[in-house]
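Please write a short report on this protein model for the bench. Cover its strands, its buried and exposed residues, and its unusual backbone angles.

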Amino acid sequence: MSTTERALLADADRRALAYLDSSATRRVFPDQSALDALSAFDQPLPTTGQLADQVLQQLDELGSPATVVSNGPRYFGFVIGATLPAAAAAERMVLAWDQCASSFDNSPIADKLEKVAGRWVCEALGLPTDSAVGFGTSATACTLACLSAARRQLLARLGWDFDQYGLIGAPEIRVVLSETAHITVKKALRVLGFGMGRLHYAPVDTHGRIDPQRLPELDDRTLLILQAGEVNTGEFDRFAELIPRAKAAGAWVHVDGAFGLWARASSSAAQADGVELADSWTTDGHKWLNTPYDSAMAICRDADALASAMNSDAAYATASKDAQKNLTLEFSRRARGIAIWAALASLGRDGLRELIDRHIAQAGRLAEALRADGYQVLNRVHLNQVLVQADSDEQTVAIRQAAQASGDTWFGPTVWQGRPAFRLSVSSWRTTDADIDALIALLLRLKRETP
Ligand SMILES: *Cc1c(COP(=O)(O)O)cnc(C)c1O
């Protein structure tokens, strides 16, 4: 490595560390001057290149102030999670290695660690350990991979060769999904060509769980999609009741567990009992496991079903059927499973349980304190989601906006049963009990001050 390259990368590390050092005190959402300064990037494509250290300097000096400090302790938006130190460190190695993690031939180390990571994820989540695990970019992409495997397999059981004949003239697969299914599940379905107007929605109860009494009919042409962690309430569909019913009917059951599936690794695992009976599952690393973006898993009980649907062997690029290029949408790909391996190796079962338990306890305490001060907490808070309303819709919106503007925290809006609410998600390993106390104090003050 040249001395210039070394100096540049060392400078990048120095700047990255300085950024992380400031993450506890930085504004969580940038102020207007930081946003205004971004216009300095509005330049034409340069004819001659700049020096790399100038590029880095610009990136840090203009870029860092315009970040959302979601890799910090006071961010409660979406279910974003920070990055665990072991995962961040592994990511630096992965970057230095720059492996194209398609198969063993491209990277023996990636192939090995992603196999181990896949098995560990299944062990941590209590899923069958011989499942295929594809490490994709997002729950969206992994859901797409799982649902394509599901459809292909359901059609094969009906005697239809999907790879050869596609969908024209194929038996119709009925999709049954929750009324509160995540938008990205609908996106995956739409992209796969299941018409939005042809989906069958299962009505939910007041907690946002599918009501088993009102579940649409299931048969051997049905793809049933359940949720582990409803995005507003954090609730779980009743797997132990629904999945055996669906399996008896010959349906395929997929579970969207983008964040909620990690409850399986906690002391509150019982609320997801029966989820292991499904055929396929999606979960994220970049949310509750606190790995860097973009990191998610497509998990499929019938390993061949996923491997066949995602196969991309070519004359010049054959690989084992469990090679990652044959389990995900990507062909050339980053070894994103390595950061997942590192996260799980550094936490161990105990550390993972402690992390998830801590967030569930913090969310519970937050909910209690807000209720005690006159807020309405709309969900049962069995997980890490706290869904909140103030006295009026106007006050709910104004408090959320004031909290965002304060720079002390950030969380986002949602709508619950037609009315505005806001949603606090506890999912960063950096969030201490003191950060929760500070959030409670801020929200109590804003409630007093906001009409
Ligand atoms: C975030 C989320 C998704 C989508 O995950 P991405 O990794 O952002 O694609 C799907 N379902 C639920 C319940 C989620 O919370």
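Two strands pair if DSSP finds at least two bridges between them. Helices (H or I, at least four residues) and strands (E, at least two) are DSSP runs, numbered from the N terminus. The model is predicted: local features need pLDDT of at least 70, side-chain atom pairs count only at pLDDT 80 or more, and totals for chains, interfaces and linings use all residues. Residues are numbered from 1 along each chain as its sequence is written, and side-chain values use heavy atoms, with hydrogens and water left out.

## Parallel strands around β4

In β5, His-254 is the bridge partner of Ile-225. Strand β4 covers residues 222–227 and β5 covers residues 252–256. The two run parallel and are joined by 5 bridges. On β2 (residues 174–178), 4 bridges lead to β4, again in parallel. There, Arg-174 stands opposite Thr-222.

Burial needs a cut-off. Buried means under 20% relative accessible area, exposed over 50%, and partly exposed in between (1.4 Å probe, protein chains only). By this rule 6 of the 6 residues of β4 are buried. Thr-222, Leu-224 and Leu-226 point one way from the strand. Leu-223, Ile-225 and Gln-227 point the other way.

β4, helix α9 (residues 239–248) and β5 make a right-handed β-α-β unit. A crossover is right-handed if, with the strands pointing away from the viewer, the path from the first strand over the helix to the second runs clockwise.

## Strand β1 and its partner

Strand β1 (residues 132–136) is largely enclosed by the rest of the structure, because 5 of its 5 residues are buried. Ala-132, Gly-134 and Gly-136 lie on one side. Val-133 and Phe-135 lie on the other. β1 runs antiparallel to β7, with 5 bridges between them. Gly-134 stands opposite Ala-298 in β7.

## An open antiparallel sheet

Strands of a sheet pair through backbone hydrogen bonds, either parallel or antiparallel. In one open sheet, 4 strands follow the order β8-β9-β11-β10, with antiparallel pairing. β8 (376–377) and β10 (412–416) stand at the edges with a single partner strand each, so one side of each has no neighbour in the sheet. β10 is joined to β11 (residues 419–425) by 5 bridges. Val-415 stands opposite Pro-420 in β11.

## Unusual backbone geometry

Most residues other than glycine have a negative phi, and most peptide bonds are trans. Three places depart from that pattern.

| Site | Feature | Value |
|---|---|---|
| Tyr-293 and Asp-294 | cis peptide bond | omega about -15 degrees |
| Phe-78 | positive phi | near 40 degrees |
| Gln-417 | positive phi | about 50 degrees |

Asp-294 is in the loop between β6 (280–284) and β7 (296–300). Phe-78 is in the loop between α3 (52–63) and α4 (85–97). Phe-78 counts as partly exposed, because its relative accessibility is 44%. Gln-417 sits in the loop between β10 and β11. Gln-417 is exposed, with a relative accessible area of 59%.

## Contacts of single residues

Contact means heavy atoms within 4.5 Å. The contacts below leave aside neighbours within four places in sequence.

Is Thr-83 buried or exposed? Thr-83 is buried, with a relative accessible area of 14%. Its place is in the loop between α3 and α4. Thr-83 touches Asn-71, Ala-88, Asn-290, Thr-291, Pro-292, Trp-429 and Arg-430.

Arg-152 is in helix α6 (residues 139–157). At 17% relative accessibility, Arg-152 is buried. Arg-152 is in contact with Phe-162, Asp-163, Ser-308 and Ala-309.

Ala-369 is in helix α11 (residues 337–372). Ala-369 is in contact with Ile-440 and Leu-444. The C-alpha atoms of Ala-369 and Asp-437 are separated by 9.3 Å, although the residues are 68 apart along the chain.
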